[in-house]
Amino acid sequence: MAPRQMHLVGFLQAQNCTIFASSWRHPDSRSDFLTADYFQEIARILERGKFDLGFFDDRLSMPDRFGSDHVHTVEHGIRCVKMDPVVTLTMMGAVTSRLGLGSTASTTYYEPFHIARVFQTLDLMSNGRAAWNVVTSLNDGEAANMGHDEAMAHDARYDRADEFVEVVLSHWDAWEDDALIVDKATGRFGDGHKVHRLNFKGNFLQSHGTFTVPRSPQGRPVLIQAGSSGRGKAFSARWAELVFVAYHDIAAGQREYKAFKSAVAAAGRNPDHVKVATLCNPICAATRAEAEDKAALIAKLPLEIDALSLLSEALNFDFASKGMDEAFSDEEMAGIQGMQAIRDRVVQRTGKKNPTVRDFIVGSGRGRPRMDMVGGPKEVADQMEEWFTGGACDGFVVSAAVIPGGYTDFVEHVVPELQRRGLFRQDYTGPTLRDHLGLLRSTRGDWQQAAAAE
């Protein structure tokens with residue numbers, strides 16, 4: 001039996017920065033983020049490093065909840081540029097042949113047929129390398145952009161998303177693998193009895209019709225999810241094949257990883273078929289001293305306004321409405337409908353049931369890079385190996401603070417060390433994303449048969 005291999009995902013956003021909002025300020029970060037070449041260079045770097053995939057996070061609005069205004073966002077470049085990630089991915093796919101291509105798309109503001117067609121087309125055009133990150137959208141800015149008054153309540157968003165994913169998967173199952181014939185001699189294009197019509201009516205959604213895109217080399221796109229609330233984890237356990245998490249220490253990671261894998265099994269699925277990758281922000285170089293110098297410069301870049309703006313966006317609460325040392329009331333804490341996992345983490349870290357704005361800034365770490373993985377090849381690989389072999393994850397979502405140099409440093413310094421230790425692949429073993437992730441080719445109805453099969 002082959003040894004278990006670590007999975008690596010490159011974290012990206014189709015904008016002027018990464019998850020680290022200040023990355024655009026770094027003197028070594030490229031400023032031509034509105035060009036295809038910028039993202040294509042990142043794609044080449046990730047593929048050179050044998051990454052499973054490059055993944056785009058996304059929101060449908062700029063962070064404008066703080067003070068109910070966008071001016072500060074644009075002035076400080078706080079994730080204010082948000083291009084379409086799928087279009088951006090196609091540019092990356094054109095210059096790569098193995099790198100997986102993952103994008104976020106909302107179940108709250110799009111329609112299932114649209115999502116099914118976009119991602120199945122991307123899967124075909126990339127020869128089986130596509131993945132859809134299923135999100136529910138969380139703040140009022142997104143709602144306003146999409147013609148709604150406010151965001152849906154937290155759990156209701158997931159109830160709708162359950163139906164949404166079922167419809168998308170049903171569309172992807174519409175064509176049998178051998179439905180196409182394309183025989184010019186007989187004039188027969190396909191077997192109409194092997195293309196199946198959908199007739200779905202749920203509490204939130206309905207879809208009646210015949211899907212228009214045949215299956216791909218990997219069957220259908222991989223499903224990604226990153227829900228971290230209780231409801232979000234239950235959703236991931238039911239549907240996801242690749243899960244993104246942000247465990248903040250190895251003990252918590254081991255505990256959460258074990259609990260989640262148990263939840264997958266309880267949902268009637270094989271836990272080995274659901275990969276869990278935790279976020280990391282490695283700052284690496286040829287030596288530890290060089291990496292520490294890089295980290296010192298990066299630590300000077302964040303501004304307080306970055307954290308306030310990003311917290312307002314993520315929690316769907318205007319942090320400008322409170323003083324820095326004013327505690328949140330019980331009603332305000334209970335009313336947070338955004339990323340509730342951030343709220344819960346701040347309460348846990350501070351030990352305060354009613355934290356202040358300042359507590360949220362410090363306890364969340366929002367707008368600041370994590371500095372817990374700084375060093376040369378050995379130091380960074382040591383930490384990654386400890387997490388991976390210690391039962392805390394199946395791999396890592398790697399976010400760089402400097403673009404594209406942070407990815408280059410990781411590929412040049414850390415990847416060879418992981419390969420030397422036998423923890424990471426020397427080369428791709430197949431052409432599709434499912435090959436990279438060690439997942440079988442998807443077959444029609446496999447998502448419905450999981451409970452019985454396992």
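Buried means under 20% relative accessible area, exposed means over 50% and partly exposed lies in between (1.4 Å probe, protein chains only). The model is predicted, so local features need pLDDT of at least 70 and side-chain atom pairs count only at pLDDT 80 or more, while totals for chains, interfaces and linings use all residues. Residues are numbered from 1 along each chain as its sequence is written, and side-chain values use heavy atoms, with hydrogens and water left out.

**View 1. Surroundings of Thr 107 in the loop between β3 and α4 (112–125).** Helices (H or I, at least four residues) and strands (E, at least two) are DSSP runs, numbered from the N terminus. Thr 107 counts as buried, at 0% relative accessibility. Contact means heavy atoms within 4.5 Å. Apart from neighbours within four places in sequence, Thr 107 is in contact with Trp 132, Val 134, Val 135, Thr 136, Arg 160, Ala 161 and Phe 164. Ala 400 is 293 residues from Thr 107 along the chain, and the C-alpha atoms of the two are separated by 28 Å.

**View 2. Strand β2 (residues 53–57) and the strands paired with it.** Five of the five residues of β2 are buried, so this strand is largely enclosed by the rest of the structure. In a regular strand the side chains alternate between the two faces of the sheet. In β2 both faces are covered: Leu 53, Phe 55 and Asp 57 are buried on one side, and Gly 54 and Phe 56 on the other. Two strands pair if DSSP finds at least two bridges between them. Strand β1 (residues 7–13) pairs with β2 in the parallel sense over five bridges, and Val 9 stands opposite Leu 53 in β2. Between β1 and β2 the chain passes through helix α1 (residues 36–48), and this β-α-β crossover is right-handed (with the strands pointing away from the viewer, the path from the first strand over the helix to the second runs clockwise). Strand β3 (residues 100–106) runs parallel to β2 and is joined to it by four bridges; Leu 101 in β3 is the bridge partner of Gly 54.

**View 3. A salt bridge within helix α1, and a residue of α15 that touches Ile 45 and Arg 48.** A salt bridge is a side-chain nitrogen of Lys or Arg within 4 Å of a carboxyl oxygen of Asp or Glu. Arg 44 and Glu 41 form one at 4.0 Å, N to O. Both residues lie in α1, three residues apart, about one turn of the helix. An α-helix has 3.6 residues a turn, so residues three or four places apart point the same way. Arg 44 counts as partly exposed at 35% relative accessibility, and Glu 41 as partly exposed at 27%. Thr 408, in helix α15 (residues 405–420), is buried at 18% relative accessibility. Not counting residues up to four places away in sequence, Thr 408 touches Ile 45 and Arg 48.

**View 4. Salt bridges made by Lys 233 and Arg 434.** The closest N and O atoms of Lys 233 and Glu 256 are 2.7 Å apart. Lys 233 lies in helix α7 (residues 230–239) and Glu 256 in helix α8 (residues 250–266), so the pair ties together parts that are 23 residues apart in sequence. Lys 233 is partly exposed, with a relative accessible area of 32%, and Glu 256 is partly exposed at 28% relative accessibility. Arg 434 and Glu 241 also meet through their side chains in a salt bridge (2.7 Å, N to O). Arg 434 belongs to helix α16 (residues 433–437) and Glu 241 to the loop between α7 and β10 (242–245), so this pair ties together parts that are 193 residues apart in sequence. Both Arg 434 and Glu 241 are buried.

**View 5. A network of salt bridges.** Lys 378, Asp 382, Glu 385, Glu 417, Arg 420 and Arg 421 are linked in this network. The whole structure has 35 salt bridges.

**View 6. Packing of helix α12 (residues 340–350) against helix α13 (residues 357–364).** The helices pack at an angle of about 95 degrees, with their axes 9 Å apart. Axes are lines fitted to C-alpha atoms, for helices over the stretch in contact, and angles run from 0 to 180 degrees between N-to-C directions. α12 and α13 are therefore roughly perpendicular to each other (65 to 115 degrees; under 35 counts as roughly parallel, over 145 as roughly antiparallel and the rest as oblique). Ile 342, Arg 343, Arg 345, Val 346, Arg 349 and Thr 350 of α12 make the contact with Asp 359, Phe 360, Gly 363 and Ser 364 of α13. The buried residues of α12 are Gln 340, Ala 341, Ile 342, Arg 343, Arg 345 and Val 346. Their cover includes α6 (154–172), α10 (304–315), α11 (330–335) and α13. Gly 351, which follows α12, has a positive phi near 70 degrees.
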